[in-house]
Amino acid sequence: MQTITRRTFIASSILAGTALALMPQGCVQSKIKIDLFKTLEAVQQVLFPQGLDAPSAKEYGATAYLANVSTHSSFLASDLHFLKRGAQELMNEYPNFLTLSPKEQDETLRTFVDEHEIGQNWVSFVLYFSIEALLADPIYGGNRNESGWKWLKHNTGLPQPKVPFAQNLKGEVI
């Protein structure tokens, strides 16, 4: 598998997001319905499996984090659309992905990355949010029990947020 630089990843993400934003509504045909977060959870478990020195995606709450932050107004609609589109393409091409063994899921995901136009950018995007969940303040739903910080032996800065998202003076989430 070829590695990409941060600059290439950011440029590709911007390009993909722009392309998705300009795509006419209803342009993408869906063969099957998917549960986005079940698919993302399975992919995140492939990226951060149990049994490594690092906490697994399930242990640190990668999917819970993404489910939480994707509902906030600051989360770009084009990012959510791209996550959905990639998950849909993965499940259309490999409808049994969720029932495969972890090793088979890993092999299938590698094939998806290598053989599908959206594969590498989509998996990189899921990886980005998975790493964000690993390192974010636990108040946002990830980094459960500060497991990411403990794994990296990171001393947190103070003060830590007391509410998950910025609020105005009336206490309304902005």
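Colleague: What relative accessibility does Glu 89 have?
Modeller: Glu 89 counts as partly exposed. Buried means under 20% relative accessible area, exposed over 50%, and partly exposed in between (1.4 Å probe, protein chains only). The relative accessibility of Glu 89 is 26%.

Colleague: Which atoms do the side-chain values use?
Modeller: This is a predicted model: local features need pLDDT of at least 70, side-chain atom pairs count only at pLDDT 80 or more, and totals for chains, interfaces and linings use all residues. Residues are numbered from 1 along each chain as its sequence is written, hydrogens and water are left out, and side-chain values use heavy atoms.

Colleague: How many helices does the chain have?
Modeller: Helices (H or I, at least four residues) and strands (E, at least two) are DSSP runs, numbered from the N terminus. From that end, the elements run α-α-α-α-α-α-α-α. Strands come to zero, and helices to eight.

Colleague: Which residue forms a salt bridge with Glu 89?
Modeller: A salt bridge is a side-chain nitrogen of Lys or Arg within 4 Å of a carboxyl oxygen of Asp or Glu. Here the closest N and O atoms are 3.5 Å apart. The two residues sit four apart in helix H5 (residues 77-93), so about one helical turn separates them. The partner, partly exposed at 22% relative accessibility, is Arg 85.

Colleague: How far apart are the closest N and O atoms of Asp 106 and Arg 110?
Modeller: The structure holds two salt bridges, and Asp 106 with Arg 110 is one of them. These residues are four apart in helix H6, so about one helical turn lies between them. Asp 106 is partly exposed at 24%, as is Arg 110 at 44%. The closest N and O atoms are separated by 2.9 Å.

Colleague: Why do residues four places apart in an α-helix point the same way?
Modeller: Count the turn. Residues three or four places apart point the same way because an α-helix has, per turn, 3.6 residues.

Colleague: At what angle do the axes of H6 and H7 cross?
Modeller: Axes are lines fitted to C-alpha atoms, for helices over the stretch in contact, and angles run from 0 to 180 degrees between N-to-C directions. H6 (residues 102-115) and H7 (residues 119-135) have axes that come within 6 Å and cross at roughly 125 degrees.

Colleague: How does that angle class H6 against H7?
Modeller: Under 35 degrees counts as roughly parallel, over 145 as roughly antiparallel, 65 to 115 as roughly perpendicular, and the rest as oblique. The axes cross at roughly 125 degrees. Therefore H6 against H7 is oblique.

Colleague: How many nonpolar residues are in the contact of H6 with H7?
Modeller: Contact means heavy atoms within 4.5 Å. Leu 109, Phe 112 and Val 113 of H6 meet Gly 119, Gln 120, Trp 122 and Val 123 of H7. Ala, Val, Leu, Ile, Met, Phe, Trp, Tyr, Cys and Pro count as nonpolar, Asp, Glu, Lys and Arg as charged, and the others, Gly among them, as polar. By class, the contact has no charged residues, two polar ones, and nonpolar ones numbering five.

Colleague: What span does H7 reach from its first C-alpha to its last?
Modeller: H7 has 17 residues. The expected span is 1.5 Å times one less than the number of residues. For H7 the expected value is 24 Å, and the span is close to that, at 24 Å.

Colleague: How do H2 and H6 cross: roughly parallel or roughly perpendicular?
Modeller: The axes of H2 (residues 36-47) and H6 come within 10 Å and cross at roughly 95 degrees. That angle makes the pair roughly perpendicular.

Colleague: Which H6 residues meet H2?
Modeller: From H2, the contact takes in Ala 42, Val 43 and Val 46. Facing them in H6 are Gln 105, Asp 106 and Leu 109.

Colleague: Is Asn 143 buried or exposed?
Modeller: Asn 143 lies in the loop between H7 and helix H8 (147-152). Beyond its neighbours within four places in sequence, its contacts include Tyr 60, Leu 134 and Trp 149. At 0% relative accessibility, Asn 143 is buried.

Colleague: Which residue in the loop between H7 and H8 has a positive phi?
Modeller: The residue is not a glycine, and its phi is about 55 degrees. The residue is exposed, with a relative accessible area of 59%. The name is Asn 145.

Colleague: Which peptide bond is cis?
Modeller: Look in the segment after H8, where Pro 159 has its place. Omega is near 0 degrees for the bond from Leu 158 to Pro 159.
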